[in-house]
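Grab a coffee and work through these exercises with the model open beside you. Try each task before you read its solution.

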Amino acid sequence: RMDDWRRWHRSQEDRYVLPFEFDVCGRKVVIRQGAVNGTSSVGNTVWDASLVLSKYLEKNPHLVQGKRVIELGSGCALVGITAALLGGVITFTDIETQIPRVKENIQGNIPHMDTTIETLKWGTDVSRFNPPFEVILVADCVYDDRYVEQLLKTVKDLCDESTLILVASDHHDCEATEKYQSEVVLDFDVEAISNDQLDATYRDRDIQVHRLSKKS
């Protein structure tokens with residue numbers, strides 16, 4: 001079956017307890033996971049859109065190589081780790097309670113790389129990050145309609161018209177998806193990346209990858 005790689009139907013142990021191993025950029029990345037109890041800890045497990053986005057980057061290394069990149073909602077940090085392995089200069093961000101998990105996975109996989117790890121609550125001031133970034137990566141962050149507006153405000157505040165913004169989303173919540181779709185077009189031009197541009201295995205009709213650019 002094409003979707004055997006999908007993780008949402010795996011056992012609790014696979015999703016929240018055991019380390020997750022993923023082959024990317026010619027090496028095995030080992031991601032440590034943890035329990036998810038409500039929205040403050042959703043980043044403790046590897047979500048499927050992050051696999052799709054990681055594999056898309058692996059296929060298109062020029063998108064991040066040598067670029068100043070920020071990842072929003074890093075969670076278990078897989079996408080940012082992939083981008084770092086491809087030569088990007090990465091700033092990983094998440095809420096404060098998630099930072100230990102981000103650090104643990106960076107330490108376990110790319111300990112000698114020059115990366116930045118910062119707390120960032122969506123919707124708050126981002127001037128300390130010295131925007132704009134060249135690339136913004138967002139995987140599986142559209143899951144609750146209460147946070148969509150703050151997420152998009154943060155993306156907008158971190159970019160300019162030349163920033164490449166990649167957003168990979170699974171269908172977690174209809175209201176969140178609808179709110180995102182209606183609000184993203186207010187400030188951004190949105191281009192869907194077609195399935196044939198994604199990795200041959202890591203793709204699914206429920207997972208959308210969009211390339212956003214800020215409207216001038």
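**Exercise 1: an aspartate in a loop**

In this predicted model, D199 sits in the loop that links strand 8 (188-192) to strand 9 (208-214). Work out whether D199 has a salt bridge, and what its side chain has for polar company.

*Solution.* Start with the charge. D199 is buried, and the nearest side chain of opposite charge, K55, is 5.0 Å away. A salt bridge has to fall within 4 Å, so D199 has none. Next, look for polar atoms: a polar atom of the D199 side chain lies 2.9 Å from the backbone nitrogen of T201. Finally, check the contacts. Leaving out residues up to four places away in sequence, D199 touches K55 and K59.

**Exercise 2: the helix on the other side**

Is helix 2 mostly covered or mostly open, and what covers its buried residues?

*Solution.* First, get the helix's dimensions: helix 2 runs over residues 48-59, twelve in total, and reaches 17 Å from first C-alpha to last, close to the expected 16 Å. Then count burial: ten of the twelve residues are buried, so helix 2 is mostly covered. K55 is one of those buried residues. The cover includes strand 1 (20-24), helix 3 (78-85), strand 6 (135-139), strand 7 (164-169) and strand 9.

**Exercise 3: zooming out**

How compact is the protein for its length?

*Solution.* Begin with the parts list: six helices and nine strands. The radius of gyration is 16 Å, close to the 17 Å that the globule rule gives for 216 residues, so the protein is as compact as a globular protein of that length. As for burial, 49% of the 216 residues are buried.

Technical notes:
Residues numbered from 1 in each chain as written. Predicted model: local features only at pLDDT ≥ 70, side-chain atom pairs only at ≥ 80, totals over all residues. Heavy atoms only, no water. Helix = DSSP H or I, 4+ residues; strand = E, 2+ residues; numbered from the N terminus. Buried < 20%, exposed > 50% of the residue type's maximum accessible area, 1.4 Å probe, protein only. Lys, Arg positive; Asp, Glu negative; His and termini not counted. Polar contact = N/O pair within 3.5 Å; in protein donor to acceptor, adjacent residues only side chain to side chain. Contact = heavy atoms within 4.5 Å. Expected span 1.5 Å × (residues − 1). Rg over C-alpha atoms; globule rule 2.2 N^0.38 Å.
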